[in-house]
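Student: I would like to learn how to read a protein model step by step. Could you guide me, taking one feature at a time?

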Amino acid sequence: MSDPESILDRLMAVIEDRQQNPPPKSYTTKLFAGGVAKIGAKITEEAAEVVEAAGEDGEAGKNHLVHEAADLVYHLLVMLAHRGVRLSDVENELARRFGVSGIDEKESRQS
């Protein structure tokens, strides 16, 4: 993508705008109104659909996986916005972990 701002940044900006200026006929507005419980239920549902799609064969299965992964990411971004977490916060955490063994990183959190 040649745009310096990623689609995730652009999507997060729209989600944050919906939070600040909630249009009445917006799915995102309905999610925010339902709070952690409603958003969390959608994340759980979408995560299960990602796993199900991952088990499907062929190009159709791959396309289904991409579709469900996009749904999961969208709902996760809504949860982050609901809790006041910026996408850059998650990016910074991933950067902090980059190059560190997953096993070592997990052990460091158990101290």
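Student: Is Ile 7 buried, partly exposed or exposed?

Tutor: Please keep in mind that this is a predicted model. The general idea is to look at relative accessible area, where buried means under 20% and exposed means over 50%, with partly exposed in between. Ile 7 has a relative accessible area of 48%, so this residue counts as partly exposed. Ile 7 is placed in helix 1, which covers residues 7-20, and together with Leu 8 and Val 73 it makes a nonpolar surface patch of about 230 Å².

Student: Which secondary structure elements does the protein have, and what pattern do they follow along the sequence?

Tutor: The protein has five helices and zero strands, and the pattern read along the sequence is therefore written α-α-α-α-α, as helices are the DSSP runs that are numbered here from the N terminus.

Student: What share of the residues counts as buried?

Tutor: Of the 111 residues of the protein, 23% count as buried. As for the surface, the accessible area comes to about 7,700 Å², and 57% of that belongs to carbon and sulfur atoms.

Student: How many salt bridges are found, and how many side chains are positive or negative?

Tutor: A salt bridge is read from a distance, with a side-chain nitrogen of Lys or Arg within 4 Å of a carboxyl oxygen of Asp or Glu. The whole structure holds five salt bridges, while its side chains include 13 positive and 20 negative ones.

Student: Where do Glu 45 and Lys 42 lie with respect to each other in helix 2?

Tutor: Glu 45 and Lys 42 are three residues apart in helix 2 (residues 27-54), which means that about one helical turn separates them. Their side chains meet in a salt bridge, at 3.1 Å from N to O. Lys 42 has a relative accessible area of 19% and is therefore buried, whereas Glu 45, at 34%, counts as partly exposed.

Student: Which residues form salt bridges with Glu 93?

Tutor: Glu 93 meets Arg 96 in a salt bridge of 2.6 Å, N to O, and Glu 93 also forms one with Arg 97, where the closest N and O atoms are 2.8 Å apart. Arg 97 is four residues from Glu 93 in helix 4, so about one helical turn lies between them. Beyond this helix, salt bridges that share partners join Lys 42, Glu 45 and Glu 46 into one network.

How values were computed
Residues numbered from 1 in each chain as written. Predicted model: local features only at pLDDT ≥ 70, side-chain atom pairs only at ≥ 80, totals over all residues. Heavy atoms only, no water. Patch = residues over 30% accessible without salt bridge, like charges linked within 9 Å, V, L, I, M, F, W, Y side chains within 5 Å. Areas by Shrake-Rupley, 256 points an atom, 1.4 Å probe, with all protein chains shown as cover. Helix = DSSP H or I, 4+ residues; strand = E, 2+ residues; numbered from the N terminus. Buried < 20%, exposed > 50% of the residue type's maximum accessible area, 1.4 Å probe, protein only. Lys, Arg positive; Asp, Glu negative; His and termini not counted. Charge placed at Lys NZ, Arg CZ, Asp CG, Glu CD.
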